[in-house]
Amino acid sequence: GPDDMDPATWAKVKDHPCYSEEAHHYFARMHVAVSPACNIQCNYCNRKYDCANESRPGVVSERLTPEQAARKVLAVAAELPQLSVLGIAGPGDAAYDWRKTRATFALVAERLPDIRLCLSSNGLALPDHVEEIVAMNIDHVTITINAIDPAIGQQIVPWIFHERKRYTGIEAATILRDRQLQALEMLTARGVLVKVNSVLIPGINDDHLVEVNKAVKARGAFLHNIMPLISDPAHGTHFGLTGQRGPTAAELKKVQDACAGGANLMRHCRQCRADAVGLLGEDRGQDFTLDKLPEVIE
Ligand code: CLF
Ligand code: SF4
């Protein structure tokens, strides 16, 4: 609350439903699925579906151009006075597909200067865009960091595509980890609030997430959101096919409890869709599909 935060930070979190547990009862967010391209492979992802770093796997969102997305945001804002945040969280990686993400935020910010802009990424491309993120007043960024030890990281992300080259194994996991931590440091140094998402994968990173929590706290992460892996063979992911299971509620709680005293934990995440609309846990996306929007804005 306002008593344990400096005023500038409080101003940024008081109406953000993910960064403030209190705010999520009163303020709504919406996502627009404008960024289909991705530069890494996660073993819990199937590219046919939304980015599972920030959302529920097995979901296909309505993909929009930046212009379509802007129309949708204006239509939702006109009907949903609680709308405070526009997030871009896939369906691929919002920082890799940067031209579309940037174009969408620019179109919306021109017409709705008070809406908060929020971005979620695997982090690999993020350091390249920090200056523009700051210049565009994107004051909330999420980075998904599942491991800081590359020996563990390579079991979750088998390859990355970076500076026109493909990397695998320990080398890929090391580059990814270094870029994620670099982005975290650069963004927090510029006053951007950074949330770190970690997907809890039993037998792979469950004992390691305490180290992730310490490492991201040391670099200024505002919140750490430990999300349960949702693994279903029907989703056709590597983990789904190899029988990797998600954690039980007790296993999730055990890891969260082990992080006590470290970076503050987010505990009210609802693993949204890349085109979610409304209060967390409610989804009004179907009320605002493209066919229901006006043809032009203004
Ligand atoms: Fe969206 Fe994410 Fe921004 Fe929130 S969601 S981009 S920080 S506005 Fe929120 Fe949804 Fe959990 Fe994400 S409840 S999946 S943490
Ligand atoms: Fe899939 Fe997201 Fe991982 Fe890319 S970053 S592979 S879209 S889960």
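Biologist: Hi! Before anything else, when is a residue buried?
Modeller: A residue is buried if 20 or more other C-beta atoms lie within 10 Å of its own. Please keep in mind that this is a predicted model.

Biologist: Thanks! And what share of the protein counts as buried?
Modeller: By that count, 49% of the 298 residues are buried.

Biologist: How many helices and strands are there?
Modeller: The protein has 9 helices and 10 strands.

Biologist: What about the overall dimensions? How big a box do the C-alpha atoms fill?
Modeller: Along the principal axes, the box is roughly 55 × 45 × 35 Å. The radius of gyration is 18 Å, which agrees with the value near 19 Å for a compact globule of 298 residues.

Biologist: How many of the contacts link residues 24 or more positions apart?
Modeller: Among contacts with a separation of 6 or more, 74% are between residues 24 or more positions apart.

Biologist: Let's go to the ligands. Which residues come nearest to ligand 1?
Modeller: Those are C18, G87, C118, C269 and C272, out of 19 residues around ligand 1. Two or more residues of the shell come from each of β1 (28–31), β3 (83–88), β4 (116–121) and β5 (138–144). By class, the shell has 7 nonpolar, 8 polar and 4 charged residues.

Biologist: And which residues are around ligand 2?
Modeller: You'll find C38, I40, Q41, C42, C45, C51, A52, N53, G90, G92, D93 and N122 there. They divide into 6 nonpolar, 5 polar and 1 charged.

Biologist: Back to β1. Are its faces covered or open?
Modeller: Both faces are covered: A28 and M30 are buried on one side, R29 and H31 on the other.

Biologist: Which strands does β1 pair with?
Modeller: β1 runs parallel to β3, with 4 bridges between them, and H31 stands opposite G87 in β3. With β10 (residues 277–278), β1 shares 2 bridges in an antiparallel arrangement, and there M30 has V277 as its bridge partner.

Biologist: What about the sheet with β6, what is its strand order?
Modeller: The order is β2-β6-β7, an open sheet of 3 strands with antiparallel pairing. β2 (40–41) and β7 (165–168) are at the edges with a single partner strand each, so one side of each has no neighbour in the sheet. Strand β6 (residues 159–162) is joined to β7 by 4 bridges, and F161 has R166 of β7 as its bridge partner.

Biologist: Which helix packs on that sheet?
Modeller: Helix α6 (residues 169–189) does, touching β2, β6 and β7, and its direction makes about 110° with that of β7.

Biologist: Now α7. Which of its residues are buried, and what do they pack against?
Modeller: L209, V212, N213, A215 and V216 are buried in α7 (residues 209–218). The buried residues pack against α6, β8 (193–200), β9 (223–228) and α9. Just after the helix, G220 has a positive phi of about 95°.

Biologist: Last one: where is T242, and is T242 buried or exposed?
Modeller: T242 sits in the loop between α8 (238–241) and α9 (249–258). T242 is exposed, because 10 other C-beta atoms lie within 10 Å and the cut-off for exposed is 12 or fewer.

Biologist: How far is T242 from N43?
Modeller: Their C-alpha atoms are separated by 10.0 Å, although the two residues are 199 residues apart along the chain.

How values were computed:
Residues numbered from 1 in each chain as written. Chains lettered and ligands numbered in written order. Predicted model: local features only at pLDDT ≥ 70, side-chain atom pairs only at ≥ 80, totals over all residues. Rg over C-alpha atoms; globule rule 2.2 N^0.38 Å. Contact = placed C-beta atoms within 7 Å. Pairing = 2+ DSSP bridges. Axes fitted to C-alpha atoms, helices over the stretch in contact; angles between N-to-C directions. Near = placed C-beta within 6 Å. Nonpolar A, V, L, I, M, F, W, Y, C, P; charged D, E, K, R; others polar.
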